[in-house]
Amino acid sequence: EIAVDDTVGEVIDITSRTTVIRMRDGRNVHIPNVEMLDKTVTVYTAGEERRSAVEVIIEFGTDLDHARSVIRAQLADAAGITRLGSIRSKVVASGVELSIRFWHAPGIQEGNDARDAAIPVILGALSDADIGIAPPADIAIVEHHQPSTP
């Protein structure tokens, strides 16, 4: 499974002229091999595992060691996750962002499934431990002016 520009899918054939990629919606995309030489190709299934992450922002003042241990304890048995990685933190405008990293099978679908399994486990673990999730800080104020009528 690879990504080339906005095309993500499984390589189903490499002919003398094109690389054929089956996208997840079933469409086949033919990318000329001469163009592939100038593209950045991301290979998702090169190794036995691939790492993904889920980010969540928790409230300022939260005991980070406690938050990490609560998440790790619950995430250890989440479907599709083969092993846990680090939980990194950084301060953002609305709280402390935790980047929860975990490993899973290398396929695109397996990565999606692992993230889908991890999110409710993480949110449930934080809720059960009474750790507040901070609201996002990205707010846009848009002024809308109605044109005046003659």
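## Two nonpolar cores and an open sheet

Of the 18 residues in the largest nonpolar core of this predicted model, those that touch the most other members are Ile71, Leu75, Leu98, Ile100 and Ile122. A nonpolar core is here a set of buried Ala, Val, Leu, Ile, Met, Phe, Trp, Tyr and Cys residues joined through side-chain atoms within 4.5 Å, where buried means under 20% relative accessible area, exposed means over 50% and partly exposed lies in between (1.4 Å probe, protein chains only). Two or more residues of this core come from each of strand E6 (50-58), helix H2 (64-75), strand E7 (81-92), strand E8 (95-104) and helix H3 (108-128); helices (H or I, at least four residues) and strands (E, at least two) are DSSP runs, numbered from the N terminus. A second, separate core has 5 residues, among them Ile2, Val4, Ile21 and Ile31.

Because the model is predicted, local features need pLDDT of at least 70 and side-chain atom pairs count only at pLDDT 80 or more, while totals for chains, interfaces and linings use all residues. Residues are numbered from 1 along each chain as its sequence is written, and side-chain values use heavy atoms, with hydrogens and water left out.

Within the largest core, Ile71 touches Ile87, Leu98, Ile100, Ile122, Ala125 and Leu126, leaving aside residues up to four places away in sequence; contact means heavy atoms within 4.5 Å. In soluble globular proteins, nonpolar side chains tend to be buried together.

The open sheet has 5 strands in the order E4-E3-E2-E1-E5, with antiparallel pairing, and two strands count as paired if DSSP finds at least two bridges between them. Its edge strands are E4 (28-32) and E5 (41-43), each of which pairs on one side only. On average, neighbouring strands of this sheet are turned by 40 degrees against each other, direction ignored, with axes taken as lines fitted to C-alpha atoms (for helices over the stretch in contact) and angles running from 0 to 180 degrees between N-to-C directions. Three of the pairings can be set out together.

| Strand pair | Sense | Bridges |
|---|---|---|
| E1 and E2 (residues 7-14) | antiparallel | 3 bridges |
| E2 and E3 | antiparallel | 5 bridges |
| E3 (residues 18-23) and E4 | antiparallel | 5 bridges |

Where E1 meets E2, Ile2 stands opposite Gly9, and Ala3 has Val8 as its bridge partner. The hairpin of E1 and E2 has 2 residues between the strands, and Asp5 takes a positive phi near 55 degrees there. A further hairpin joins E2 to E3 through 3 residues, and Glu10 stands opposite Arg22 in E3. In the hairpin of E3 and E4, with 4 residues between the strands, Gly26 takes a positive phi near 95 degrees, while Thr18 stands opposite Pro32 in E4.

Why does Ile2 count as buried? Ile2, which lies in strand E1 (residues 2-4), is called buried because its relative accessible area is 8%. Leaving aside residues up to four places away in sequence, Ile2 touches Thr7, Val8, Gly9, Val11, Ile21, Met36, Val41, Thr42, Val43 and Tyr44. By contrast, Ile2 and Glu59, which are 57 residues apart in sequence, are 37 Å apart in space, C-alpha to C-alpha.

One charge also sits over a ring: Arg83 lies over the face of Trp103, at 4.2 Å from the ring centre; this requires NZ of Lys or CZ of Arg within 6 Å of the ring centre and within 35 degrees of the ring normal.
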